[in-house]
Amino acid sequence: MIATPNTALEGLKTLIADRTGRRYVRLVGRGTSALYVALRALVLGDGPGSAILPDLICVSVLEAVLLAGLRPVFADVNADRFNPDSHSVGRVLGPDTRAVIAAHVFGCVTPPPEVEVPIIEDAVQGLGGSMHGRSVGCLGSISVLSFHPTKMIPGFGGAVLTDDSNLWALIQRVSLEKAGEPYQTGVYAGVRPQLEAQRHRLLKDFEADPANIAAIRAGWERLSEEVEARNCKARYLSQSLLEDPHLGLDLPTLYPGDAIWRYPFLAPSRAAAAWIHRRLQAAGLPGSRPYPSLSAIYDPQPAYQSPELASRLVNLWVDSGVSFVQLEAILAQIRALPLMKG
């Protein structure tokens, strides 16, 4: 029997629910749309307020918070694995906090903070990993996923997952066509024109064509293999760079449950990070400067270490398109790092 578009779509939802151990699944057009739906559902339930997000994160997370009508509050991140610092989260938690967004940044799987507000697990990175026997995708009150050729699972779309029937009722009520008013107080008033211009791109329904559904299904079937291949390359980079302590690099601790999307490390200085990036770029090798500190742009926090970490952070790609020959070439460029100041 040939599956109809509707049965294929329902089958994909069932697959995602089975693989993540979740009860309810809503598919949307992209990861930003999924995070918006999760946040907006909490606004529908408890009213407007604030959402805590990591200071080092893709700007799409901030856009989803603003579009949902919530005030962004940034939490500092730790220097080892770039995840939200639990003590910082506790300090910025307030009576109007509607959610804490816990992200597995770069695929370094992190436990959700223990707080008395809903946790939205941003599982866009780290999918295929686990924590204490529980899979990424089931570690929050609500979890959000993203499918894209650059992510762990190809195709195009996002998913909102929960086990809570009350939250599920709210998630189903959220419209992507009739979005609410974005948060636009203070410095964020200047962001509104950009949000309005991109709203149609950020908030999208799922593309339920057969080719897209097939690509996502195939990605789930290859997920374990993809995670192991990336983790293998990340471990190789880590072990190789550990042999050169004179470079002064701060390397992340890798754990068995990780699902490394990009391999991050800290150069000894801002100048050294810029030098490595220029060398990799000139050689045509896969590496990049990752996220800026969002608080440094929108809400400076002098006590936070995240702006300094962002200035020293370098990302090395470990996806299937990167060969071990390229990894050796990357290591050669990094090992040529001269002693520099500042």
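Here is a short walk through this structure, from one helix to a sheet and then to two pockets. The model is predicted, so local features need pLDDT of at least 70, side-chain atom pairs count only at pLDDT 80 or more, and totals for chains, interfaces and linings use all residues. Residues are numbered from 1 along each chain as its sequence is written, and side-chain values use heavy atoms, without hydrogens and water.

Let us start with helix 8, residues 223–242; helices (H or I, at least four residues) and strands (E, at least two) are DSSP runs, numbered from the N terminus. At 1.5 Å a residue its 20 residues should span 28 Å (1.5 Å times one less than the number of residues), and the end C-alpha atoms are indeed 28 Å apart. Among its buried residues (under 20% relative accessible area, 1.4 Å probe, protein chains only) are L223, E226 and R230. The buried residues of helix 8 pack (heavy atoms within 4.5 Å) against helix 7, strand 10, strand 12 and helix 12.

Two of those partners lead us to a sheet. Three strands form an open antiparallel sheet in the order 10-12-11, where strands pair if DSSP finds at least two bridges between them. Strand 10 and strand 11 are the edges, each pairing on one side only. Strands 10 and 12 share five bridges, and R262 has W317 in strand 12 as its bridge partner.

Which residues lie closest to the centre of the second largest pocket? They are K151, M152, E226, R230 and S320, out of 18 that line this pocket (an open set of points on a 1 Å grid over the protein atoms alone where a 1.4 Å probe fits, with protein on both sides within 12 Å along at least five of seven lines; lining residues have an atom within 4 Å of a point). Helix 8 gives the most to this lining, with five residues. In the largest pocket, 28 residues form the lining, and R30, T32, S60, S146 and K151 lie nearest its centre.

How values were computed:
Buried means under 20% relative accessible area, exposed over 50%, partly exposed in between (1.4 Å probe, protein chains only).
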